[in-house]
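Work through the exercises below with the sequence and the structure at hand. Each task is followed by a solution in steps.

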Amino acid sequence: MTRFSAWNVLWQGITGQKGWTRQWRDPEPKSHYDVIIVGGGLHGLATAYYLAKNHGLRNVAVLEKGWIGGGNAGRNTTIVRSNYARPGNRQFYAHSLKLWEELSHELNYNVMFSQRSHIALLHSPGAIDAAARNYNTLRRTGTPDAEIWGLEQLKQAVPHLNYAEGARFPVMGAAVQKRAGTARHDAVVWGYARAADQLGVDILQNCAVTGVERDGGRITALETTRGRITAGKVGFAVAGNTSRLWNMAGLGRLPIESHKLQAFVSEPLKPLLDQVVVFGMGGAHFYISQSDKGGMVFGGDLDWYKSYAQRGNLPIVQDVAEAAMSVMPCLGRVKLLRHWAGVVDMSMDGSHFICPTPLDNLYLNTGWNYGGFKATPAAGWWFADLIANERPAPMIADFDLKRFERGLQLDERGAGPDPKLHG
Amino acid sequence: MSGRRLDKGGRIDRSKPLTFRWDGKALQGYAGDTLASALMANGQRVLGRSFKYHRPRGIMSAGLEESGAIVTVGSSARAEPNVKATMQELFHGLEASGQNAWPNVRFDAGAVSGLFGRFFSAGFYYKTFMGLPPFEWGRGTGLWMKYEALIRKAAGMGAASREADPDCYDHAHAYCDVLVVGAGPAGLRAALTAAEAGRDVILAEQDFELGGDLLNDPFAEPKRLALIKAVEQAGVRVMPRTTVFGLYDNGTAGLVERVTDHLPEPGPFMPRQRFWTVRADATVLATGALERSVAFAGNDRPGVMTAAAGRAYLNRFGVLPGQRIVIATTNDSAYQTAGELAAAGAEVVLADARERSGNDVALGGRLQHGLAPLEAKGRSGIKSVQFARNTGSGWQAAGREDCDLLLVSGGWSPVVNLASHRGVKPEWNAELACFLAGECAEPVYMAGAAAGVWNAAACDASGEAAAKRAMGFEAMQPAPGGWTSPIEPLYEVRLPGSKAKGFVDPQHDVTGDDVRLAHQEGFVSVEHLKRYTTLGMATDQGKMGNIIGLALMAEALGKEIPAVGTTRFRPPYTPVAIGALAGRNVHGHFKALRRTPLHDWNLRHGATMTDAGLWHRPWYFAKNGETIAEAYVREAATVRETLGVCDVSSLGKIAVQGPDAAEFLNRVYTNGFAKLAVGKARYGIMLRDDGMVMDDGTTWRLAEDDFMMTTTTTGAGKVMVWLEELLQTRWPRLRVHLTSVSDQWAGVSVAGPKSREALSACLADPDAVSHEALPFMGVVRVKLKNGIQGLAARISFSGELAYELYVPADDGEAMMDLLWAETKHLGGCLYGLEALGTLRIEKGHVTGAELDGRVTIRDAGLGKMASAKKPYIGKALQDRPELLRKDRPQLAGIFPKDRSKTFNGGALLCQPEEGEGFGEGWVTAVTHSPALGHWIGLGYVAGGHEAWAGRTLMASDPVRGAPVEVEVVSPHMFDPEGGRMHG
Amino acid sequence: MIRISCPFCGPRDHAEFSYGGDGSIEYPALDAPVQDWHDAVFLRDNICGLQLETWQHVHGCRMWLKVERDTMTHEIRSVTPAHPGLASVLESQA
């Protein structure tokens with residue numbers, strides 16, 4: 001395996017790119033693995049990597065029904081931040097951001113994590129107080145880069161927003177996390193895949209699970225489109241398909257609903273916006289950043305109805321465009337290039353699950369709502385920890401399926417037990 | 001390419017010359033031109049620079065698949081980047097300029113990047129820029145972000161305007177039986193067939209003229225005119241300049257109509273574009289086919305175009321695109337072009353890569369079989385073509401031809417994009433070397449070239465068949481194909497081992513070698529290929545290059561094209577202006593603005609407004625240049641001393657009526673409502689199913705079966721929906737009717753020791769609000785002196801003797817005139833939300849800042865309102881273990897230890913010695929209390945205020961300032977016994 | 001755009017409606033045990049395929065509806081009033 005470096009880019013350029021090899025192998029499935037992770041998305045691949053790296057497990061497979069990174073990994077708007085304030089979420093996302101900062105070096109793959117600041121616009125004194133509460137929490141729990149900005153500071157940093165007198169919701173300030181930003185989503189997929197592969201993990205593409213074999217309270221084997229594979233332990237990390245797989249395992253209901261979330265990209269433009277800007281007011285929700293290629297990448301609310309379809313409908317396209325124009329009125333002549341949708345596991349409190357299950361050797365990773373991409377390194381890290389050690393570490397103790405029975409709702413928005421409201 | 005305008009021919013109107021500017025230079029074209037045809041007629045060759053290597057690019061097509069002539073149209077606030085010159089209708093005064101180049105597209109300093117092309121292979125940026133070269137030393141993201149700044153500057157295409165778009169856009173809606181997309185021969189025929197059968201038909205055409213390929217055929221004009229006339233007579237709604245950009249669920253289509261983009265001076269109030277949502281029972285896709293190129297060295301040079309484009313410029317625009325023309329083809333379609341160009345006076349060489357063809361079209365030029373283009377030579381314009389011959393074991397150089405234009409036909413790709421939006425999988429047709437749309441589960445039918453039907457007569461039949469199927473009849477589609485001799489597909493021509501750049505996706509500078517490198521590194525699925533090389537991700541979304549990319553990958557894998565698959569096309573088909581999608585709901589109209597019936601009255605009396613959800617509510621009434629702080633303190637003090645009047649019309653009001661209304665309320669509220677007496681009001685709290693507080697307000701019993709519920713301003717909509725859901729889905733047996741009456745009433749709060757005096761002075765019967773007639777929490781119907789009828793309730797949010805007075809919305813101003821006269825007379829004031837906040841904080845009354853969706857009724861200090869005697873919504877789940885913990889944060893009052901100091905809402909309450917951590921609670925709201933003479937706050941603290949009696953906490957607010965020492969007190973900070981409101 | 005045929009108003013864009021949730025849930029009695037409430041409020045079958053769900057015609061007649069819809073194709077199989085009394089009245093008139 002050729003190491004990635006400026007030196008090798010130069011050398012391979014001179015010698016005709018002949019030294020680059022497959023970034024991950026295409027192995028035949030073995031008949032048995034100690035751990036099988038179902039789902040070759042970001043979380044599955046990261047989990048496999050940390051199983052190998054942190055816990056020395058090498059007989060590990062990742063099963064992917066299509067091609068790795070083809071689900072939500074490649075459909076999100078690539079925002080990385082850690083401005084979650086509920087105890088539990090707070091520490092988890094703080095850890096994730098720390099892992100993000102070293103991820104390119106860790107994987108020897110440039111994931112292009114650009115810590116360009118995440119700026120949430122604020123429009124009323126009450127909103128500023130509510131944001132201050134959360135950002136004070138960030139400040140006091142290991143995130144010194146959380147700030148509240150006034151209008152003048154905001155205008156200096158982000159000149160092309162709507163500061164007009166006639167704006168429907170005049171901006172008063174912003175809540176800013178400076179270490180937050182964006183990353184190149186596909187690179188994260190491939191980086192984890194390549195690094196996991198190097199540690200011996202088998203990445204099995206076009207390998208859909210078609211059945212789950214159980215012996216009482218244990219999973220013994222998975223039926224797949226590439227044959228039957230026995231497993232010591234199994235982890236599900238299949239955002240968008242969790243309930244289907246859960247049913248296949250003969251288990252009951254889950255505190256999640258599948259919803260679709262659209263994403264949008266414009267034609268490439270010369271640099272226009274240097275940060276991630278987020279808007280939420282008057283029932284609208286909007287976030288935007290500019291990719292390194294120049295496209296404006298943006299999104300808004302869910303389509304509001306449950307769906308497994310990876311395609312959006314016009315009302316949300318319209319809502320998002322309206323918000324875009326309201327936040328950046330210079331976007332009127334900028335053209336939308338593509339829009340698509342991903343299926344997200346929305347949970348009953350807007351927070352996720354990394355937990356044991358009713359089956360002894362099955363572990364579950366689900367319920368990421370809008371947070372799956374930014375959670376990737378920590379989700380992989382702690383899911384691997386759970387699978388390897390067969391007990392939840394204190395970091396993830398509250399991310400279990402029983403928390404609602406206990407009365408714990410990690411509800412960042414206070415929206416209540418309605419999955420569609422946790423966008 | 002040295003295009004020149006012919007003296008005759010074409011569809012342009014030579015009697016209407018138009019002057020336009022290209023890169024500042026004035027040029028001339030004619031009505032009927034596109035920007036591209038006019039530039040070509042003026043001999044302009046280099047019109048753009050490529051994305052990565054900044055290679056010079058000229059016109060490559062005559063349509064939306066254009067990858068070379070991508071320009072910026074307009075300037076300053078109206079600058080539109082990334083416009084395909086081939087799609088821009090020419091108009092007098094049009095300004096266009098080159099982009100992605102410095103100083104201009106003809107001499108571009110960025111072209112030096114081309115020298116380093118060998119290092120810029122697919123995905124090279126994933127392999128470096130992480131740390132310090134050469135071995136990527138270092139940690140963190142600091143170095144990457146320095147590289148990133150440079151990369152961002154180099155990337156991108158055109159520059160967006162920084163100014164607000166000054167134009168407006170419309171939204172429109174339409175319904176039809178059959179939507180026909182594309183007004184070429186098949187589309188026209190389909191529209192005609194359906195309309196003549198009595199169907200309501202919409203025909204959308206992206207071009208400014210109808211006819212599709214008929215426009216490129218000089219002999220088809222009579223047929224075209226006849227068809228158009230018939231279509232119009234049959235009542236088809238024809239929409240030119242309208243692109244169907246997406247097909248959505250249940251027969252919905254998104255269209256964008258370019259209303260004024262072609263006009264030098266749009267009329268006043270005309271929208272620039274119009275976004276249509278069309279709901280059609282069935283859809284016919286007669287979207288045509290796009291000609292693709294072949295990958296060979298220099299296939300992106302200015303002067304290399306598709307063969308069909310050569311024909312279009314000649315026949316439609318009257319431009320002879322070159323003098324010495326080589327046409328390289330793999331199929332029959334270029335033969336006619338060759339003949340026509342030769343007839344127009346060009347020297348033509350037709351190189352058919354096939355060894356033989358049965359085509360008998362008379363040619364004015366030379367025909368050579370078995371030759372394919374190996375390299376287009378020349379830098380900023382093609383000078384010659386090097387040919388190659390396939391020896392069976394690879395390509396071998398074979399002859400060279402000087403030329404100034406190379407037309408290429410690598411085959412045709414039916415436009416199946418819209419069908420793909422509906423989830424239809426394109427299926428590879430090896431015989432025609434193209435993807436065709438499979439059957440759609442929905443009523444969406446392909447017609448004409450979009451269905452792979454190449455020949456004109458069959459296109460008519462195809463359009464007719466598609467229309468019949470769209471109407472629900474059985475009909476046979478003609479078989480795809482129609483050429484005399486079969487295509488021999490050709491995707492790439494190169495000598496073995498050659499490193500010359502042959503472009504697969506010219507817009508993103510993706511080469512054949514990039515595809516092979518992707519294969520070498522394991523990116524073999526089409527989705528990986530696309531993402532790793534960026535193939536097909538440019539503004540044409542792979543219309544030019546996708547199939548070549550697939551073919552090269554298939555070759556590398558030793559498989560057939562279908563085994564590689566094809567990507568799903570995503571909407572929009574062509575890029576759509578964000579402004580069009582937003583329409584009129586922008587600027588001040590972004591979201592509905594809700595005004596109370598007293599809005600104007602408040603403004604006339606000096607109110608400054610603030611946003612409360614979608615409402616504008618009076619914030620404060622400044623007198624004589626007061627600041628907000630001075631104003632609200634004065635207002636709050638006046639209420640406590642004499643009286644104040646405040647507009648509360650925005651509160652939600654719901655009429656709950658029917659024999660079971662009391663039982664219904666009893667289930668919805670935590671406290672009892674079954675026994676509430678007629679003529680009485682009660683404060684109630686409702687919970688969500690999960691036991692968290694949802695909303696609060698007073699509900700008034702007007703009659704045995706008639707209640708008026710009030711809700712919070714922001715909760716009104718949510719509560720109404722919730723109550724409707726409960727009645728219709730959970731408790732259908734309850735005989736209750738709900739009516740939202742929020743907008744029917746204007747309401748004011750009249751608060752303060754003199755409130756009774758003021759109110760009573762307004763009434764026809766002054767005794768109607770005496771203590772006896774209207775005790776605390778009483779409700780009466782009243783008649784004002786001026787005859788207005790209303791409702792008065794003695795309820796208090798401020799803690800003072802207070803009333804809420806409601807009159808019909810239309811009588812609001814008259815009521816206020818009366819009330820304000822009496823209030824002024826008694827020394828009272830108007831007060832706004834800020835003073836309202838002060839008064840309620842002093843009393844420890846909760847609002848949205850405290851009820852944030854995460855608190856239980858006990859947390860909010862209202863546990864005594866949770867009835868133990870009856871069940872209610874939320875009761876079961878509010879008793880889960882975590883919610884019963886004694887150390888949960890509970891409502892508390894907060895005083896600064898040093899009474900002269902202030903502190904902030906949003907501060908955390910922390911133990912003084914703790915420098916970090918989540919703290920013991922937080923501050924929700926802060927105000928200066930005139931009644932107490934210092935700053936006070938509300939908040940939540942672990943275990944409630946008693947747990948912290950006599951102890952000091954810090955209000956820690958690191959995002960805004962220094963911590964302040966505070967003490968925690970009962971939330972009822974003023975008049976805790978409530979003597980004042982009962983008085 | 002999904003098109004929903006409101007039994008009272010006729011076919012309309014889904015933008016006129018608001019999605020409620022899983023229409024198969026039977027909410028327990030108000031005094032039912034905590035576990036019953038937990039299961040009803042927090043657990044979902046989350047069907048991929050045809051499911052029964054509730055929508056409200058919130059910008060129309062404001063009626064709550066029971067809709068059978070495929071969550072993959074968005075095809076709608078049936079729409080009836082959620083209120084059983086209204087549903088049976090409509091049925092008897094049909």
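**Exercise 1. Find the helix that holds B:Leu143, and describe the nonpolar surface patch to which this residue belongs.**

Step 1. B:Leu143 lies in helix H2 of chain B, residues 142–154; helices (H or I, at least four residues) and strands (E, at least two) are DSSP runs, numbered from the N terminus.

Step 2. The model is a predicted one, in which local features need pLDDT of at least 70 and side-chain atom pairs count only at pLDDT 80 or more, while totals for chains, interfaces and linings use all residues. Residues are numbered from 1 along each chain as written, chains are lettered from A in the order in which they are written, and side-chain values use heavy atoms, without hydrogens and water.

Step 3. The patch joins B:Leu143 with B:Leu132, B:Phe135 and B:Trp137 of chain B and with A:Trp7, A:Leu10, A:Trp11 and A:Ile14 of chain A. Together these residues have about 800 Å² of accessible area (Shrake-Rupley method, 1.4 Å probe, only the protein chains shown counting as cover). Patch members have over 30% relative accessible area and no salt bridge, and nonpolar side chains (Val, Leu, Ile, Met, Phe, Trp, Tyr) are joined within 5 Å.

Step 4. Helix H1 of chain A (residues 6–15) supplies the largest share of the patch, 4 residues.

**Exercise 2. Characterise the interface of chain B and chain A by its residues, buried area and polar pairs.**

Step 1. Chain B contributes 132 residues to the contact and chain A 120, where contact means heavy atoms within 4.5 Å.

Step 2. The two chains bury about 10,700 Å² between them, 56% of it on carbon and sulfur atoms. Buried area is the accessible area (1.4 Å probe) that two parts lose on being put together, summed over both.

Step 3. The interface has 11 salt bridges (a side-chain nitrogen of Lys or Arg within 4 Å of a carboxyl oxygen of Asp or Glu). A:Arg333 and B:Asp167 meet in a salt bridge at 2.9 Å, N to O.

Step 4. There are 78 residue pairs in polar contact, both residues at pLDDT 80 or more. A polar contact is a pair of N or O atoms within 3.5 Å; within protein, one must be able to donate a hydrogen and the other to accept it, and residues adjacent in sequence count only if both atoms are side-chain atoms.

Step 5. On the side of chain B that touches chain A, H2(B) gives the most, with 7 residues.

**Exercise 3. Do the same for chain B and chain C, and name the elements of chain B involved.**

Step 1. The contact takes 26 residues from chain B and 23 from chain C.

Step 2. About 2,200 Å² is buried between them, 61% of it on carbon and sulfur atoms. In chain B, B:Asn250, B:Gln728 and B:Leu877 lose the most area to chain C, together 26% of what that side buries.

Step 3. The count of salt bridges is 2. B:Arg279 and C:Asp13 meet in a salt bridge at 2.4 Å, N to O.

Step 4. Two or more residues each come from strand S14 (273–285) and helix H17 (716–730) of chain B. H17(B) gives the largest share, 8 residues.

**Exercise 4. Give the fold pattern of chain C.**

Step 1. Chain C has 2 helices and 6 strands.

Step 2. Along the sequence the pattern is β-β-β-α-β-β-β-α.

Notes:
Patches are made of residues with over 30% relative accessible area and no salt bridge: like charges are joined within 9 Å, nonpolar side chains (Val, Leu, Ile, Met, Phe, Trp, Tyr) within 5 Å.
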